[in-house]
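Hi,

Here is the structure I promised to pass on. Have a look at it first, and then read my notes below.

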Amino acid sequence: MRDRRHDILFEPVTIGPNTMRNRFFQAAHCSGAGSDPQTQTGTRWTDGGWAVVSTEYCLDSPDADDFPRLRPRPWDDGDARNLSFMTEEAHRFGALAAVELWHCGVLSAGMETRHVMPGVPQSPNADGGVITGADQMDRDDIRRVQQEYVQAALLAQNAGFDILTVAATSTADIPYTFLTPMFNRRTDGYGGLIENRTRFHRELFTMLKEAVGDDMTISFRIGIDTLGPSHGLRDAGIGLKGDSRAIIESLNDYVDMWDLNVRWFEWSEDAGPSRIHTEKPQAPYMVPAKNYTDKPVINVGHVTNPDAMAEMIKTGHCDIIGASVADPFLPKKIDEGRYEDIREDIGFNKSLPRFEMDGTPITCTQNATVGEGFHRAWYPEKFDKVMNVDNDVLVIGAGPAGMECARVLGERGFRNVHLVDASSEIGGSMKYIPDLPGLSECRHFVDYQKIALDKLSNVTIILNKEMTPQDVLEYGASIVVVATGSRWAHDGMNGFTHAPVFGAGENLAHVRTPDDVMAGGSVGQKVVVYDADGYFMGAGIAEKLLRDRKNVTYVTPFGKIAPFAAKTLEAPRLNRTLRELGLKIIDEHILTAVEPGTVSIAGERGGESTVEADTTIMVTQRNSRGELYSTLNADALALEAEGITALYRIGDCESPNIVAEALFAGDRPAASEVNGPNSSGCVRS
């Protein structure tokens with residue numbers, strides 16, 4: 001039974017002609033499902049107790065060209081039939097279905113259509129460079145774009161959608177660029193004063209209402225504050241104290257609900273990860289904005305627990321909670337009082353790099369089944385029972401891959417699953433990653449696994465046990481999964497030079513790795529962090545040591561600090577923080593040699609120099625701990641003699657990768673491959 005403090009989350013909310021059964025709105029996260037109906041539905045998990053499930057943003061016409069990203073396209077009757085699968089599933093479980101329409105402007109390069117994109121002004125592509133920009137729309141162009149919204153809305157209505165959302169959240173989409181002075185420098189009736197800059201929207205909402213009638217809820221998703229100038233420009237954006245209030249008041253009678261966020265020019269300040277944002281980061285902006293409207297307000301912000309959600313409603317932050325995809329059964333678990341079963345979003349922003357790089361389907365560090373519901377028939381809360389249930393399974397290594405594998409194997413009903421680890425606690429690298437600055441929420445990852453594993457009576461965790469090949473052969477398990485992980489290289493082997501660093505190696509007091517530092521290894525006062533990895537670890541170690549009052553020099557072959565962190569939206573604040581803490585940065589340099597007291601470095605354009613260093617920390621590459629698997633795999637006769645019918649290696653043991661991919665690797669054999677009637681024949685992976 002749920003806690004009475006959370007009753008407010010399950011109150012119905014009237015949104016125009018429709019009523020939400022509770023306050024949970026599964027927001028329009030970029031899932032990369034496109035118009036594939038089953039994938040789109042499989043990403044939304046309509047049976048999780050949500051009042052509303054939404055598509056990701058949909059391209060309302062070919063000129064809303066977002067290539068190469070794959071997005072839904074309600075362009076014709078075939079698209080409507082595809083998307084109707086999602087609405088039918090939503091309605092079957094008592095949820096409303098929302099569609100979000102988006103029309104790109106200067107952000108698009110027209111790479112698929114090869115059209116010149118319509119724009120509020122004539123402008124180069126928002127990403128810079130020489131690729132196609134946008135041409136200023138005349139009145140005929142404006143009517144055409146508005147009519148494209150109407151056509152997409154009618155198709156969405158035919159597909160069974162209940163809620164129609166117009167998106168104006170990007171500083172380069174057409175509805176938003178009409179609003180902000182940075183782009184809208186028009187001198188006709190669509191530029192200048194707020195009354196003119198909202199003309200496009202008043203006309204559009206009027207046309208939409210006339211087209212869809214009284215059946216669909218009309219919602220406007222808008223970034224209400226750009227927080228001042230961008231790149232030194234004055235009056236660049238819209239602000240809460242001025243334009244946003246006028247915008248909301250001007251359009252309030254035209255919409256049934258508001259979907260508000262804070263659309264900084266730095267995207268990281270809107271969708272930023274937990275590393276740089278505390279919970280409910282948008283509250284200071286949402287609370288006053290809500291005072292400007294009498295319509296329900298939804299806010300999508302980083303919120304991970306029901307207490308915080310209830311507080312958001314009670315304090316006037318918003319009326320509706322736009323929650324994350326980490327746990328698609330979040331509302332149902334809160335309603336049933338199963339709080340310990342909630343997968344709390346750790347805010348790693350891992351889905352963003354895939355979206356930013358090529359628009360591929362969404363992934364999640366906390367939930368390996370996200371985006372896999374149709375392709376692999378993986379389901380986060382339901383498990384097919386295995387046919388070979390009487391087999392015993394040995395999983396060696398209790399890091400992310402091993403924990404996930406053991407949990408899913410246990411859920412699928414194997415007689416005995418033993419999870420063995422040489423350490424004194426489970427978690428692998430996720431035991432110490434939460435101790436890095438800003439990453440404390442990563443503890444939710446291990447906490448969830450611990451609770452889930454403890455509930456499975458057929459899963460036994462055995463700690464402080466290092467397994468030898470002979471131990472494995474004699475253990476008595478017929479299925480063996482090796483998940484022994486990886487370790488950071490002491491010798492500085494890296495992907496730039498494909499060679500070790502001269503003078504580096506193990507058992508040297510002046511050479512450390514992140515594993516050593518986080519295990520409490522000694523570090524001198526003058527430290528060089530050599531980061532050839534480029535994600536969170538090198539910058540995180542540097543920040544930790546700076547906060548420990550060390551003198552830190554950061555050397556990297558990359559052109560900037562932690563370049564991959566730019567894709568997870570950590571980079572802007574992270575860069576500022578490290579510089580404010582006094583980090584010395586030497587970019588575009590490789591480490592050529594290390595010795596006690598000094599390191600030698602070389603620039604990409606030539607020139608060598610030295611840097612004083614009591615300790616050098618190698619954040620270069622990780623090496624798989626694959627010796628156990630290799631030894632077992634090399635002796636098929638011994639495996640057969642001991643009755644081992646299947647041998648797997650998963651996670652970093654096979655190839656070091658990010659945590660989300662290790663989690664996925666744990667699911668792969670457990671959910672899909674270990675299912676034979678008698679497990680005959682040795683399977684090796």
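A quick word on terms before the tour: helices here are DSSP runs of H or I with at least four residues, strands are runs of E with at least two, and both are numbered from the N terminus. Keep in mind that this is a predicted model.

Counted that way, the protein has 20 helices and 28 strands. There are 685 residues, and 59% of them count as buried. If you take the contacts with a separation of 6 or more, 73% are between residues 24 or more positions apart. As for the outside, the accessible surface is about 26,400 Å², with 47% of that belonging to carbon and sulfur atoms.

Now for a pocket. The second largest one holds about 1,300 Å³ of space. It is lined by 49 residues, and those closest to its centre are G428, S429, G485, S486 and R487. Two or more lining residues come from each of these elements: α12 (400-411), β17 (486-488), α15 (514-518), α16 (536-547), α18 (627-633) and α20 (659-673). By type, the lining splits into 23 nonpolar, 13 polar and 13 charged residues.

Last, the cysteines. How many disulfides does a search of the whole structure find? The count is 0. Are C58 and C653 buried or exposed? C58 counts as buried because its relative accessible area is 0%, and C653 is buried too, at 2% relative accessibility. The cut-off for buried is under 20%.

Cheers

Definitions and conventions:
Residues numbered from 1 in each chain as written. Predicted model: local features only at pLDDT ≥ 70, side-chain atom pairs only at ≥ 80, totals over all residues. Heavy atoms only, no water. Buried < 20%, exposed > 50% of the residue type's maximum accessible area, 1.4 Å probe, protein only. Contact = heavy atoms within 4.5 Å. Areas by Shrake-Rupley, 256 points an atom, 1.4 Å probe, with all protein chains shown as cover. 1 Å grid on protein atoms, 1.4 Å probe; cavity = no way out; pocket = protein on both sides within 12 Å on 5 of 7 lines; lining within 4 Å. Points joined across faces, edges and corners; volume = space filled by probe spheres on them. Nonpolar A, V, L, I, M, F, W, Y, C, P; charged D, E, K, R; others polar. Disulfide = S-S within 2.5 Å.
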